[in-house]
Amino acid sequence: MKINVRESRQEDMPQVLELIKELALFEKEPEAVIIDVQQLQKDGFGEQPLFTCFVAEIDGNIEGMALIYFRYSTWKGKTVHLEDLIVRERFRGKGLGIALYKKVMAYALEQNVKRVEWVVLDWNEGAVEFYKKSGADVMQEWNTVQFDEVSIKNFLDS
């Protein structure tokens, strides 16, 4: 089985959205996905792209993806945030995940960033172990904090 990892194209976004939905289902939040293909195309391929996406293909079919974007750390400077790395369930354990992971890290080095950062659910033991074995520091002391659109409005109206 030959794996081809490449930067995504606008026409790949329907398959990327399928993978995003598969990840949301795996993370037990299928209703949380509100983005659509048109928004992905606009945000990823407009005048000022908001993200870069890599896809992993087998026999010309997209079976995995990694979506990243730049952030800025007051401690480190320019960093890459790995938003999602997903491989279709039937292709897990076949090398697609590591191929995408390596592509992200190589891209980060090419971009001269000082850190790559991402979030992993504590119950996703397979992913946690994968990251630890790769040399990543899985930090236990930090909590992810978020506001959704409703929470933002409620806060500002209070």
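This is a short tour of one protein chain, from its cores out to its loops.

A word of caution before I start. The model is predicted.

Let's begin inside. Which residues touch the most other members of the largest nonpolar core? They are Phe 54, Ile 68, Leu 100, Val 104 and Val 116. That core has 21 residues. Where do they come from? Strand 2, at 52–58, supplies at least two of them, and so do strand 3, at 61–73, and strand 4, at 77–87. Helix 3, at 96–110, strand 5, at 115–118, and helix 4, at 125–134, each give at least two as well. Helix 3 gives the most, with 6 residues.

Now take one of those residues, Leu 100. Please find it on the screen. Leave out residues up to four places away in sequence, and Leu 100 still touches a long list. Val 5 is on it, and so are Phe 54, Val 55 and Ala 56. Then come Gly 64, Met 65 and Ala 66. Leu 85, Ile 86 and Val 87 complete the list.

There is also a second core, separate from the one containing Leu 100. This second core has 15 residues. Among them are Leu 19, Val 37, Leu 40 and Leu 67.

Next, a pair of helices. Helix 1 covers residues 13–26, and helix 2 covers residues 37–45. How do they meet? Their axes come within 9 Å and cross at roughly 110 degrees. Angles of 65 to 115 degrees count as roughly perpendicular, so helix 1 is roughly perpendicular to helix 2. The crossing is right-handed.

Look at the side of each helix that takes part. Helix 1 brings Met 13, Pro 14, Leu 17 and Ile 20. Helix 2 brings Val 37, Leu 40, Gln 41 and Phe 45. What kinds of residue make up this contact: nonpolar, polar or charged? There are 7 nonpolar, 1 polar and no charged.

Between those two helices runs a loop, and Val 33 lies in it. Is Val 33 buried, partly exposed or exposed? Its relative accessible area is 22%. Buried means under 20% and exposed means over 50%, so Val 33 is partly exposed. What does Val 33 contact, apart from its neighbours within four places in sequence? The answer is Leu 17, Ile 20, Lys 21 and Ala 24. Take Leu 17. Val 33 is 16 residues from Leu 17 in sequence, and their C-alpha atoms are 9.2 Å apart.

Move on to strand 3 and find Glu 63. Is Glu 63 buried or exposed? Glu 63 counts as buried, because its relative accessibility is 5%. Setting aside neighbours within four places, Glu 63 contacts Leu 19, Ala 56, Ile 58, Ile 86 and Val 87, and also Arg 88, Arg 90, Phe 91 and Leu 96.

Now strand 1, residues 3–7, where Ile 3 sits. Ile 3 counts as partly exposed, at 24% relative accessibility. Its contacts, beyond four places in sequence, include Ala 56, Glu 57 and Ile 58. They also include Lys 94, Gly 95, Leu 96 and Ala 99. Gly 60 is 57 residues from Ile 3 in sequence, yet C-alpha to C-alpha they are 9.2 Å apart.

Back to helix 3 for Ala 108. Ala 108 is buried, at 4% relative accessibility. Not counting residues up to four places away, Ala 108 touches Val 80, Val 113 and Val 116. The C-alpha atoms of Ala 108 and Val 80 are separated by 6.5 Å, with their positions 28 residues apart along the chain.

Trp 118 is in strand 5. Beyond four places in sequence, Trp 118 touches His 81, Leu 82, Tyr 101, Met 105, Tyr 131 and Ala 136.

Last stop: two loop residues with a positive phi. Asp 59 is not a glycine, yet its phi is about 55 degrees. Asp 59 lies in the loop between strand 2 and strand 3. At 72% relative accessibility, Asp 59 is exposed. Asn 112 is not a glycine either, and its phi is near 60 degrees. Where is Asn 112 found? Its place is the loop between helix 3 and strand 5. Asn 112 is exposed too, at 54%.

Note on methods:
Residues numbered from 1 in each chain as written. Predicted model: local features only at pLDDT ≥ 70, side-chain atom pairs only at ≥ 80, totals over all residues. Heavy atoms only, no water. Core = buried A, V, L, I, M, F, W, Y, C linked by side-chain atoms within 4.5 Å. Buried < 20%, exposed > 50% of the residue type's maximum accessible area, 1.4 Å probe, protein only. Helix = DSSP H or I, 4+ residues; strand = E, 2+ residues; numbered from the N terminus. Contact = heavy atoms within 4.5 Å. Axes fitted to C-alpha atoms, helices over the stretch in contact; angles between N-to-C directions. Parallel < 35°, antiparallel > 145°, perpendicular 65-115°, else oblique. Left-handed = near helix turned anticlockwise from the far one by under 90°. Nonpolar A, V, L, I, M, F, W, Y, C, P; charged D, E, K, R; others polar.
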